[in-house]
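Biologist: I am new to this model. Please give me a close look at one part of it, the surroundings of the ligands, and then go on to what adjoins them.

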Amino acid sequence: MIATTGKTNLLGLTQPEMEKFFDSIGEKRFRAGQVMKWIHHFGVDDFDAMTNVSKALRDKLKAIAEVRGPEVVSEDISSDGTRKWVVRVESGSCVETVYIPSGKRGTLCVSSQAGCALDCSFCSTGKQGFNSNLTAAEVIGQVWIANKSFGSVPATIDRAITNVVMMGMGEPLLNFDNVISAMQLMMDDLGYGISKRRVTLSTSGVVPMIDELAKHIDVSLALSLHAPNDELRSQLVPINKKYPLAMLLDSCRRYMANLGEKRVLTVEYTLLKDVNDHVDHAREMIELLKDTPCKINLIPFNPFPHSGYERPSNNAIRRFQELLQQAGYNVTVRTTRGEDIDAACGQLVGQVNDRTRRSSRLIAARELNADADSAPNAASAP
Ligand code: SAH
Ligand code: SF4
């Protein structure tokens, strides 16, 4: 366990919370904006560096507050620019954050929990079980750390992190309040100024929380589907037993309708050889999604030891993609890049790499999921 200091950690405070904090210590509210810019735009954690704050207030802040991100255990940079951080959170567990550059886009894949309780059968994070919820400071702290590594810049000018996907370790909807606060900071101009279209929450399908989400925030939504019928989905994604497909797709449609704009759901589908990659599965999926405007992102399975699953052949992946495309869907296959650090979807286990042993593993680029630049798929509702 990392010792707690008893000080208020300002890193995870949203703007209203920060204003409340300054109110509570008898200071003017505009200090909130000043301090937030120092923290998020310039990556500053030392109050003495906040030069537009008076010495007296800096001393006061030093006594009662801190700016503390999770501890960086390791940072790996792949030859293709992909970066991975392992950070230790307060519970003592480690989680991973991955940065994937692609053209003008830089996507940061952020973790929400250490481990995960939902135990999807093909996910190594799930195999660990649940360890802890990350605090808001630990969620936004991953963005803070990544941003600092590129040299912090104000939110208004070109930056390295253009998109954030909540697709790291954990189920974000089961750490609701902290994830909402962190996503608000991602979008706030006093935070990271990322547009709501470029902040994506991925869920395995916690239906009541999808409805709740709509009341708080309007980020993009990705659904981890992985199977076109309840029988198979319940085997792969056990939470399906509680919230089956009809209910789940209804809630996703409600969420998307609530956004009230031309924004489409992303459907993620991890392809598992001889499990969910048959042409019949593609046909069932075409039928299942016909009333749900969406773009589909196929993720070839990323293997990990003792998973019991295999990645389908490239031919099988292409065949599956083509069938969906022929039915009018916009379908991308998540690309794999880099072979020198281990950061693929579902392989995140919060461990520092043994690079030599793991050099054969590939990095799955998640950027396609957050492709906010691509026009909504006109053909997505066949
Ligand atoms: N818990 C959330 C977000 C984190 S997982 C969710 O399930 O949506 C991010 C994505 O990676 C999900 O679509 C998940 O199903 C997928 N994934 C998990 N394990 C994988 C693996 N071994 N290979 C490929 N994709 C995997
Ligand atoms: Fe949890 Fe997502 Fe992994 Fe399922 S796929 S176990 S919900 S992290």
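Modeller: A polar contact here is a pair of N or O atoms within 3.5 Å; within protein, one must be able to donate a hydrogen and the other to accept it, and residues adjacent in sequence count only if both atoms are side-chain atoms. The model is predicted, so local features need pLDDT of at least 70 and side-chain atom pairs count only at pLDDT 80 or more, while totals for chains, interfaces and linings use all residues; side-chain values use heavy atoms, leaving out hydrogens and water. Residues are numbered from 1 along each chain as its sequence is written, with chains lettered from A and ligands numbered from 1 in the order in which they are written.

Ligand 1 comes first. A backbone N or O atom of Gly 170 lies 2.9 Å from a nitrogen atom of ligand 1. A polar backbone atom of Phe 122 is 2.9 Å from a nitrogen atom of this ligand, and an N or O atom in the side chain of Glu 171 is 3.5 Å from a nitrogen atom of it. Taken alone, ligand 1 exposes 530 Å², and the protein buries 96% of that. Such areas come from the Shrake-Rupley method with a 1.4 Å probe; for residues, only the protein chains shown count as cover.

A residue is near a molecule or strand if one of its heavy atoms lies within 4 Å of it. The shell of ligand 1 holds 19 residues, the closest being Phe 122, Gly 170, Ser 202, Ser 224 and His 226. Seven of the shell residues are nonpolar, 10 polar and two charged; Ala, Val, Leu, Ile, Met, Phe, Trp, Tyr, Cys and Pro count as nonpolar, Asp, Glu, Lys and Arg as charged, and the others, Gly among them, as polar. Strands β10 (199-203) and β12 (265-271) each supply at least two residues of that shell. Helices (H or I, at least four residues) and strands (E, at least two) are DSSP runs, numbered from the N terminus.

Gly 170 and Glu 171 are also among the residues around ligand 2, as are Cys 116, Cys 120 and Cys 123. The shell of ligand 2 has four nonpolar, three polar and two charged residues.

Behind Glu 171 is a further link: the side chain of Gln 113 reaches the backbone nitrogen of Glu 171 at 2.9 Å. Gln 113 lies in strand β7 (residues 113-115). With a relative accessible area of 2%, Gln 113 is buried, where buried means under 20% relative accessible area, exposed over 50% and partly exposed in between (1.4 Å probe, protein chains only). Leaving out residues up to four places away in sequence, Gln 113 touches Gly 170, Glu 171, Leu 174 and Asn 175, among others. Contact means heavy atoms within 4.5 Å.

Next is helix α6 (residues 176-187), with 12 residues. Its expected span, 1.5 Å times one less than its number of residues, is 16 Å, and its end C-alpha atoms are 17 Å apart, which agrees. Nine of the 12 residues are buried, so α6 is largely enclosed by the rest of the structure. The buried ones include Phe 176, Val 179 and Ile 180. Strand β10, which supplies residues to the shell of ligand 1, is one of the elements covering them, along with α2 and α5 (136-149).

Finally, the chain overall: there are 11 helices and 16 strands, and 57% of the 382 residues count as buried.
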